[in-house]
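Student: Could we go through this model together, asking at each step what justifies the words used for it?

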Amino acid sequence: MKKTIKLIDLDCGHCADKIQNAVQKIDGVTSVSVNFLGQKMVLEAPDDRFDTILNEAKALIKKIEPDVTVKA
C-alpha cells in the first residue's frame, strides 16, 4: 500500500531528511519519501502491516519534530 501523509508545520529541509531517514529504518517500510516544500510524506509498506507501520512512523515523527502535525 502506498499513501501520502501530510506533515503540517514541517519547517526545514534538514528536519525532513531526519524524518525520512528515521522512517526508512522502520521494519517493513518498502519506501518513504519526505517532501519538505510540499509538507508531505509518501509511505509505502505491505498492506497487512501498513497501519502498524504508520503508527510507528507517527510516533517517530513526534519524537524527532514535536511541532509537526501528522495527518494521514
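The dialogue below takes up the sheet, the helices, the core and two backbone angles in turn.

Student: What kind of model is this, and how are residues and atoms counted?

Tutor: This is a predicted model, in which local features need pLDDT of at least 70 and side-chain atom pairs count only at pLDDT 80 or more, while totals for chains, interfaces and linings use all residues. Residues are numbered from 1 along each chain as its sequence is written, and side-chain values use heavy atoms, with hydrogens and water left out.

Student: How do you know that E2 and E3 pair?

Tutor: Two strands pair if DSSP finds at least two bridges between them, where strands (E, at least two residues) and helices (H or I, at least four) are DSSP runs numbered from the N terminus. E2 and E3 are joined in the antiparallel sense over 5 bridges, so the criterion of at least two bridges is met. One of these partnerships links Asn-35 with Lys-40 in E3, and the two strands form a hairpin with 4 residues between them.

Student: Why are E2 and E4 placed at the edges of the sheet?

Tutor: The open sheet of 4 strands has the order E2-E3-E1-E4, with antiparallel pairing. E2 and E4 each have a single partner strand, so one side of each is left without a neighbour in the sheet. The twist averages 20° from one strand to the next, with axes taken as lines fitted to C-alpha atoms, for helices over the stretch in contact, and angles running from 0 to 180 degrees between N-to-C directions.

Student: Where do the helices lie against this sheet?

Tutor: H1 packs on the sheet, touching E2 and E3, and its direction makes about 170° with that of E2; contact here means heavy atoms within 4.5 Å. H2 lies across E1, E3 and E4, running at about 145° to E3.

Student: What makes a set of residues a nonpolar core, and which members touch the most others?

Tutor: A nonpolar core is a set of buried Ala, Val, Leu, Ile, Met, Phe, Trp, Tyr and Cys residues joined through side-chain atoms within 4.5 Å. The largest one has 21 residues, of which Leu-7, Leu-10, Val-23, Met-41, Leu-43 and Ile-61 touch the most other members. H2 gives the most to this core, with 5 residues. Leaving aside residues up to four places away in sequence, Ile-61 touches residues including Leu-7, Met-41 and Val-70. Val-70 lies in strand E4.

Student: Why is Asp-9 called partly exposed?

Tutor: Buried means under 20% relative accessible area, exposed over 50%, and partly exposed in between, with a 1.4 Å probe and protein chains only. Asp-9 has 46% relative accessibility, and therefore counts as partly exposed. Its place is in the loop between E1 and H1.

Student: What is the phi of Asp-9, and what is that of Gln-39?

Tutor: Most residues other than glycine have a negative phi. Phi of Asp-9, however, is near 70°, and that of Gln-39, in the loop between E2 and E3, is near 50°, both being positive values in residues other than glycine. Gln-39 counts as partly exposed because its relative accessibility is 28%.
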